[in-house]
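Trainee: Could you take one part of this model and go through it closely? I would like to start with a pair of charged side chains and then work outwards to the rest.

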Amino acid sequence: GDGDFVDQTWLLGDGSSGAEITLAKERPTMLYTCVRWPSGPYQGKSMAHSNHPMVALVHLLSNADRGSDVFMSVPFLSDFNVIDQLCRYANPDESGLNIYILLGPSFWNKSNLCDFVGFLENRRQAVARLHIKDCGHDRKYFHTKAVVSTAGMMIGSYNYTKASREEHYEHAVLFGPDFHALDGLRQELSDEWKRLGPEIDIPKKEAQAFPDNDAVSNPYRKRANRN
C-alpha cells in the first residue's frame, strides 16, 4: 500500500524496536550522522539512532496534526526511503498531511522521482499527493534544507539523498513546536511556494512496445522456394 513501497528496515537501527528521537523541551536537539556500524555488512555506514536527521524527519511527519500542512525546502531528493515516508504520511488513510515541497532545480531530482514511480500506477498516485514545485530556475535558489510541521522544525545541512543518510557527515538541529522562529520559517516557505509556478507532475514510465517478431525483417530466415 501507499507508504510501504521500499524496504524501511534501516530505521530499525541496531534493534527490532526501531530508533525514536527524544525531543528536549528546554533546548534544541542536535542531529548528526556520525554514529557508524562498527562491523558487519554495513560497517562504516551511518546507522539509524535517536539523533539521526532521517529519524527526526519521520518524527516531524508522524507527530504532525492529522491533515495539517508541512513545508519542506529540498535542494536534492533522491533517497527512496524519504520519498516513501512522504508518500505514507500524505496518504489520507495514514495522516493526510498536506506536504508542500520546494524542490531544487537539478534535473536528476525529477529523474529520481520518475524512477521511484516506475511503471506502477499506485506509486504515481502516491507521489501525486505531494505538492512539489521547482525552485531555483530563476536563480532564487532556496538553499536552506528545512522541514516545518506542527510537531516542530528541522534545519541544517542534511540533503535527502541515500548518501547523506548512510555515507556523508551531516548535521542539523531539531526544534520543538514552541520554538519562537517556527512560524516565521513556515511563512517564508509558504510564501516562496506560492510564488513559484505550477506543481510538477511525475508520470509513470511507459512500457516499451516491442515489434511482433513476424513484422521484423530477419535476413537469416529461410525464404520460401519461389520456383
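Mentor: Start with Glu166 and Arg165, which form a salt bridge whose closest N and O atoms are 3.7 Å apart. Keep in mind throughout that this is a predicted model. The cut-off for a salt bridge is 4 Å, from a side-chain nitrogen of Lys or Arg to a carboxyl oxygen of Asp or Glu. Are the two partners buried or exposed? Both Glu166 and Arg165 are buried.

Now a second pair, for contrast in setting. Arg186 forms a salt bridge with Asp183, and here the closest N and O atoms are 2.7 Å apart. Arg186 and Asp183 both belong to helix H6, which covers residues 182-195, and they sit 3 residues apart, about one turn of the helix. An α-helix has 3.6 residues a turn, so residues three or four places apart point the same way. Asp183 has a relative accessibility of 52% and counts as exposed, because exposed means over 50%.

Back to the pair we began with. Glu166 and Arg165 are not on their own: salt bridges that share partners join Asp79, Arg165 and Glu166 into one network. A search of the whole structure finds 9 salt bridges.

Another of these joins Lys110 and Asp134, whose side chains meet at 3.1 Å, N to O. Lys110 is in helix H3 (residues 107-117) and Asp134 is in strand S4, so this pair ties together parts that are 24 residues apart in sequence. Lys110 is partly exposed, with a relative accessible area of 32%. Asp134, on the other hand, is buried.

That brings us to strand S4, residues 131-134. Which residues cover its two faces? His131 and Lys133 are on one side, Ile132 and Asp134 are on the other, and all of them are buried. Strand S4 runs parallel to strand S3 (residues 98-103), and 4 bridges join the two. Within that pairing, Ile101 has Ile132 of S4 as its bridge partner. Lys133 also lies over the face of Trp193, at 3.7 Å from the ring centre. A similar kind of contact is found with Arg36, which lies over the face of Tyr169 at 4.1 Å from the ring centre.

Ile101 leads on to the nonpolar interior. The largest nonpolar core has 45 residues, and those with the most contacts inside it are Leu57, Met72, Ile99, Ile101, Met154 and Tyr160. Several elements give two or more residues to this core, among them S3, H3, strand S2 (69-74), helix H2 (80-90) and helix H4 (121-128). Which element gives the largest share? Helix H1 does, with 7 residues. In helix H1 (residues 53-62), 9 of the 10 residues are buried, so this helix is largely enclosed by the rest of the structure. The buried residues of H1 include Leu57, Val58, His59 and Leu60.

Tyr160, from the list of core residues with the most contacts, is also a way into the aromatic rings. A pair of aromatic rings is described by the distance of the centres and the angle of the planes. The whole structure holds 8 aromatic pairs. In one of them, the ring centres of Tyr158 and Tyr160 are 5.7 Å apart and the planes are at 85°, so the pair is edge-to-face; the cut-off for that label is over 60 degrees. Both tyrosines are buried: Tyr158 has a relative accessible area of 2%, and Tyr160 has a relative accessibility of 1%.

Phe175 and Phe179 show the other arrangement. Their ring centres are 4.0 Å apart and their planes are at 20°, so the pair is stacked. Phe175 counts as buried at 13% relative accessibility, whereas Phe179 is partly exposed, with a relative accessible area of 26%. Ring pairs also link Phe5, Phe80 and Phe116 into a cluster.

Last, the cysteines. How many disulfides does a search of the whole structure find? The search finds 0. Cys114 is partly exposed, with a relative accessible area of 22%, while Cys135 is buried at 2%.

Terms used. Residues numbered from 1 in each chain as written. Predicted model: local features only at pLDDT ≥ 70, side-chain atom pairs only at ≥ 80, totals over all residues. Heavy atoms only, no water. Phe/Tyr/Trp six-rings, centres within 6.5 Å; stacked < 30°, edge-to-face > 60°. Buried < 20%, exposed > 50% of the residue type's maximum accessible area, 1.4 Å probe, protein only. Lys NZ or Arg CZ within 6 Å of the ring centre and 35° of its normal. Disulfide = S-S within 2.5 Å. Pairing = 2+ DSSP bridges. Core = buried A, V, L, I, M, F, W, Y, C linked by side-chain atoms within 4.5 Å.
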